Amino acid sequence: MFRTYTDYVNKTALTLPDKFIDVRTGESIEVLPKVLEQIEYHSNNSTLIHLVLTALNSYLQPKSINNGNSILLEEIREIKRMMQMGYLPRGNGQMGNGPAQINETSNLDLIEVEDVLEAFGG
């Protein structure tokens, strides 16, 4: 069953099925009652297009890293250190041809963090 929500002021209409296909996973997902509630609310308040654009913006923009992720940042620093040293798994008994010492106090570049997170689907 489809239901159409309209925002006549901004000339916006949105037709919703009972289920939709998640574009990231390809799975069929039921539309949650909370989503329907928000769409109806914004439709009644002439802000439906703003809800849609906000949702798209949140979906397309990577989330910013806040200060509460110190464990994650520490893990990324460790990965960076291992890469710079030419890390080889334990058992080989030798380290690679990386630099002999790393400046542990160097700041971690947040752009590098974002690149690592994007590379691993984060």
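This passage describes the fold, the largest pocket and several individual residues of a predicted model.

The chain contains four helices and four strands. Read from the N terminus, the order of these elements is β-β-β-β-α-α-α-α. Of the 122 residues in the chain, 11% count as buried. The accessible surface amounts to about 10,200 Å², and carbon and sulfur atoms account for 55% of that area. When contacts between residues at least 6 apart in sequence are considered, 38% of them join residues at least 24 apart.

The largest pocket holds about 740 Å³ of space. Its lining is made up of 20 residues, and those nearest the centre of the pocket are L16, F20, V35, I39 and A55. Two or more lining residues come from each of β2, β3 (19-21), β4 (28-30), α1 and α2. Helix α2 provides the largest share of the lining, with six residues. By residue class, the lining of the largest pocket consists of 16 nonpolar, two polar and two charged residues.

Two residues other than glycine were examined for their positive phi values. The first to be described is K11, with phi near 55 degrees. K11 is located in the loop that runs between β1 (3-7) and β2 (12-16). The relative accessible area of K11 is 77%, and K11 is therefore classed as exposed, since the exposed class begins over 50%. The other residue is S46, a residue other than glycine whose phi is positive and near 60 degrees. S46 belongs to the loop between α1 (33-44) and α2 (48-60). With a relative accessibility of 26%, S46 counts as partly exposed.

The loop between α1 and α2 also includes N45. This residue, N45, is partly exposed at 39% relative accessibility. The side chain of N45 reaches the backbone oxygen of Y41 at 2.8 Å. N45 and D7 are 38 residues apart along the chain, while 7.9 Å separates their C-alpha atoms. A further pair links this loop with strand β1: T6, which is placed in β1, and S46, which is placed in the loop between α1 and α2. T6 and S46 are 40 residues apart in sequence, and the distance between them in space is 8.4 Å, C-alpha to C-alpha.

T6 has a relative accessible area of 23% and is partly exposed. The side chains of T6 and Y8 are joined by a polar contact of 3.4 Å. With residues up to four places away in sequence left aside, T6 touches T12, A13, S43 and L48. One of these partners, T12, is situated in strand β2.

T12 has a relative accessible area of 13% and is therefore buried, because the buried class covers values under 20%. The contacts of T12, again without residues up to four places away in sequence, are with Y5, T6, D7, L48 and I49. In addition, the side chain of T12 reaches the backbone oxygen of N10 at 3.2 Å.

Two residues in helices complete the description. T54 is part of helix α2. Its relative accessible area is 48%, so T54 is partly exposed, as the partly exposed class lies between the buried limit of 20% and the exposed limit of 50%. The side chain of T54 reaches the backbone oxygen of H50 at 2.7 Å. L110 is located in helix α4, which spans residues 110-119. L110 is likewise partly exposed, with a relative accessible area of 47%. L110 and L73 are 37 residues apart in sequence, and their C-alpha atoms are 9.4 Å apart in space.

Conventions
Residues numbered from 1 in each chain as written. Predicted model: local features only at pLDDT ≥ 70, side-chain atom pairs only at ≥ 80, totals over all residues. Heavy atoms only, no water. Buried < 20%, exposed > 50% of the residue type's maximum accessible area, 1.4 Å probe, protein only. Polar contact = N/O pair within 3.5 Å; in protein donor to acceptor, adjacent residues only side chain to side chain. Contact = heavy atoms within 4.5 Å. Areas by Shrake-Rupley, 256 points an atom, 1.4 Å probe, with all protein chains shown as cover. 1 Å grid on protein atoms, 1.4 Å probe; cavity = no way out; pocket = protein on both sides within 12 Å on 5 of 7 lines; lining within 4 Å. Points joined across faces, edges and corners; volume = space filled by probe spheres on them. Nonpolar A, V, L, I, M, F, W, Y, C, P; charged D, E, K, R; others polar.
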